[in-house]
Amino acid sequence: MGRHFVLKREDFVFATRLIRRMKDPKTRFDERKFAEKGRDYLYNYAEEKVGPLDKGRRSFLKGILIGIGVLAVASAVPVISYLNQPPVYLKNFPWIIIVDSDGNPIEASKLTVNDPSILLFQYPMEGDITFLLNMGDANDNPVSIPPTTVVIPENGTTYTFPGGVGPNKSIVAYSAICQHLGCQPPEIHFYPPKYLTPGGTVPNFLPPVAYQAAQSANAASVIHCDCHGSTYDPWRGAAVLTGPTLRPLPYVELYWDQDTDYLYATEMNLKAPVIMGQPSDLASFAYLSSFNEQTGCPKMLLSKGQTPSECYSKLNNEGNTFSS
Ligand code: FES
């Protein structure tokens with residue numbers, strides 16, 4: 001927890017190649033040798049099979065060893081597995097109505113405030129899982145989220161987050177794929193105000209440094225990633241509160257139809273960071289399976305922890321551990 005290593009794009013490609021070699025029967029990584037010889041075996045293996053290791057790349061590999069264990073690399077960086085497939089592209093961001101796992105449109109005024117469940121939809125492509133949050137205060141009253149300028153610490157550039165939508169302007173949507181190394185729910189999840197205390201037990205363990213950062217930023221709730229401790233401010237465009245990430249979570253722009261109370265995902269901001277692991281927000285490795293009625297997925301799947309469809313069997317297996 002709290003290791004300050006950062007995955008640069010080129011290191012991401014390097015890691016992808018490394019994992020391919022590790023899995024390839026012809027060049028398979030020898031776990032027993034690794035157990036005997038430790039990190040030098042990994043360094044030598046990586047140099048021989050993939051390419052030279054500079055100091056930064058060594059510390060990246062060392063960070064993986066310390067943080068998650070090299071044998072768990074593939075599962076801890078789940079998005080990497082997508083890179084083995086050719087990407088598909090969208091010309092424009094689609095407008096898609098957000099529905100629940102039964103296919104019924106979500107009604108904004110019925111969305112639970114400060115819901116600690118894993119509430120996700122996919123946008124704009126398959127696998128681009130996104131949190132849907134109705135933000136509220138400590139008494140679970142909805143709170144309007146104003147527009148704000150978000151800084152990307154990695155390069156110092158900024159972009160505008162347009163704020164919340166819905167009857168109270170309190171509903172926001174952020175990528176649920178951590179910008180550090182790509183951990184996904186349940187590792188990364190929303191901490192509503194009642195969970196915003198230092199310590200606690202997993203999955204509601206908040207390191208003191210994350211708690212202090214939230215206090216300093218006056219954030220009554222946070223999104224925190226248990227993998228290595230990145231913390232994001234959902235009140236201010238999912239800006240970075242604590243590293244190791246240097247990139248905020250991208251947001252999905254929402255439209256609230258006042259007449260029907262329905263919510264639509266409409267687009268993403270191309271000035272914001274790209275969804276972790278994707279070549280572009282408009283490119284991924286599969287179109288939404290919701291476009292294909294044969295798959296059994298609803299049109300625009302929204303899974304509320306307890307009722308995931310087969311598309312989210314992984315989440316189903318891991319269970320929803322965050323219900324109040
Ligand atoms: S993947 Fe490392 S902090 Fe989230």
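This dialogue concerns how to read helix H6 and the nonpolar cores in a predicted model.

Biologist: What does the secondary structure of the protein come to?

Modeller: The predicted model has seven helices and 15 strands. Of the 324 residues in the protein, 44% are buried.

Biologist: Which residues of helix H6 are buried, and which are exposed?

Modeller: The general idea comes first. Residues three or four places apart in an α-helix point the same way, because there are 3.6 residues a turn. In the present case, H6 spans residues 208-216, and its buried residues are Ala210, Tyr211 and Ala214. These lie on the same side of H6, because they cover an arc of only 100° around the axis. Pro208, Gln215 and Ser216, on the other side of H6, are exposed.

Biologist: What covers the buried residues of H6?

Modeller: The cover includes three strands: S9 (222-225), S10 (231-233) and S11 (239-242). Just after H6, asparagine 218 has a positive phi of about 60°.

Biologist: How should one read a nonpolar core, and which residues have the most contacts inside the largest one?

Modeller: In soluble globular proteins, nonpolar side chains tend to be buried together. Here the largest nonpolar core has 58 residues, and Phe131, Ala173, Val222 and Ile223 have the most contacts inside it. Another core, of eight residues, lies apart from that one and has Phe14, Phe29, Leu42 and Tyr45 among its members.

Biologist: Which residues are in contact with valine 222, leaving aside its neighbours within four places in sequence?

Modeller: Among them are Ala210 and Ala214, together with Tyr191, Leu196, Thr231, Tyr232 and Leu241. As for the protein, 63% of its contacts with a separation of 6 or more join residues 24 or more positions apart.

Note on methods: Residues are numbered from 1 along each chain as its sequence is written. This is a predicted model: local features need pLDDT of at least 70, side-chain atom pairs count only at pLDDT 80 or more; totals for chains, interfaces and linings use all residues. A residue is buried if 20 or more other C-beta atoms lie within 10 Å of its own, exposed if 12 or fewer, and partly exposed in between; C-beta atoms are placed from the backbone. Helices (H or I, at least four residues) and strands (E, at least two) are DSSP runs, numbered from the N terminus. The arc is that of the directions from the helix axis to the C-beta atoms. Two residues are in contact if their C-beta atoms, placed from the backbone, lie within 7 Å. A nonpolar core is a set of buried Ala, Val, Leu, Ile, Met, Phe, Trp, Tyr and Cys residues joined through C-beta atoms within 7 Å.
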